[in-house]
Amino acid sequence: SLPQWASNLEDNVDKQLLIVLRDDRKLLGWLRTFDQFANLLLEHTVERHILVEERLYADVYFGTMMVRGENVCLFGEVDPERPDGPLREAPLAYVLKRESEIEAEEAARGIHKPADLYAEPAD
């Protein structure tokens, strides 16, 4: 049987979803099917890079892909009336450069993101 968190996957087949992965990457794609392990088959998938403070985003196109269910932290349907929400699209080069600068600024202040944001803390 499906994991409890995945119980509403059936309602989301053939809808565009925003999926947040364990490493904090964000995918946008059309859910086509899933299996008993909540592995997802997505079409027309992009990785969305978001600059929250600037309300900008840029996408990297991946196409069709399989996402392992264990890597999914959160997913939700994209509003077809407002697929970009409050964000504006920006050039990919700019968004990636700003992401890198922000990461370097945080590292200089001693802030480091764990590779898996949702892992249980080690004892």
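**Close-up views of a predicted protein chain**

**View 1. Strand β1 and its partner β5.** Strand β1 (residues 16-21) pairs with β5 in the antiparallel sense, over five bridges. The model is a predicted one, in which local features need pLDDT of at least 70 and side-chain atom pairs count only at pLDDT 80 or more, while totals for chains, interfaces and linings use all residues. Residues are numbered from 1 along each chain as its sequence is written, and side-chain values use heavy atoms, with hydrogens and water left out. Strands (E, at least two residues) and helices (H or I, at least four) are DSSP runs, numbered from the N terminus. Two strands are said to pair if DSSP finds at least two bridges between them. Two positions illustrate the match: Ile19 has Phe75 of β5 as its bridge partner, and Leu18 stands opposite Gly76 in β5. Five of the six residues of β1 are buried, so this strand is largely enclosed by the rest of the structure. Buried here means under 20% relative accessible area, exposed over 50%, and partly exposed in between, with a 1.4 Å probe and protein chains only.

**View 2. The hairpin of β1 and β2.** With β2 (residues 26-34), strand β1 pairs in the antiparallel sense, again through five bridges. Ile19 of the first view returns here, standing opposite Leu27 in β2. Four residues lie between the two strands of this hairpin. In the turn, Asp24 has a positive phi of about 75°.

**View 3. The open sheet.** Six strands form an open sheet of mixed pairing, in the order β5-β1-β2-β3-β4-β6. At the edges stand β5 (72-77) and β6 (88-89), each with a single partner strand, so one side of each is left without a neighbour in the sheet. Along the chain, the elements run β-β-β-β-β-β-α from the N terminus on, which comes to one helix and six strands.

**View 4. Three residues of strand β3.** Thr45, Arg48 and His44 are picked out in this view.

- Thr45 has its place in strand β3. At a relative accessible area of 0%, Thr45 is buried. Setting aside neighbours within four places in sequence, Thr45 is in contact (heavy atoms within 4.5 Å) with residues including Leu27, Leu28, Val60 and Phe62.
- Arg48 also lies in strand β3. Arg48 counts as buried because its relative accessibility is 8%. The side chains of Arg48 and Asp59 are joined by a polar contact of 2.8 Å. A polar contact is a pair of N or O atoms within 3.5 Å; within protein, one must be able to donate a hydrogen and the other to accept it, and residues adjacent in sequence count only if both atoms are side-chain atoms. Beyond its neighbours within four places in sequence, Arg48 is in contact with Lys26, Leu28, Tyr57, Ala58, Asp59, Pro83 and Asp84.
- His44 is found in strand β3. Its relative accessible area is 47%, so His44 is partly exposed. Although His44 is not a glycine, it has a positive phi of about 50°.

**View 5. The loop between β3 and β4.** Glu54 sits in the loop between β3 (40-51) and β4 (56-67). Glu54 is partly exposed because its relative accessible area is 25%. Apart from neighbours within four places in sequence, Glu54 is in contact with Arg88, Tyr94 and Arg98. With Arg98, the side chain of Glu54 makes a polar contact of 2.9 Å. The C-alpha atoms of Glu54 and Ser7 are 35 Å from each other, and these residues are 47 residues apart along the chain. Arg55 has its place in the loop between β3 and β4 as well. Arg55 is not a glycine, yet has a positive phi of about 55°.

**View 6. The protein chain as a whole.** The C-alpha trace spans about 45 × 45 × 20 Å along its principal axes. The chain has 123 residues, of which 28% count as buried. Among contacts between residues at least 6 apart in sequence, 56% join residues at least 24 apart. The accessible surface comes to about 8,300 Å², and 51% of this area belongs to carbon and sulfur atoms. Such areas come from the Shrake-Rupley method with a 1.4 Å probe; for residues, only the protein chains shown count as cover. The 14 positive and 25 negative charges have mean positions 4 Å apart. Lys and Arg count as positive and Asp and Glu as negative, with His and the chain ends not counted. Each charge is placed at NZ of Lys, CZ of Arg, CG of Asp or CD of Glu.
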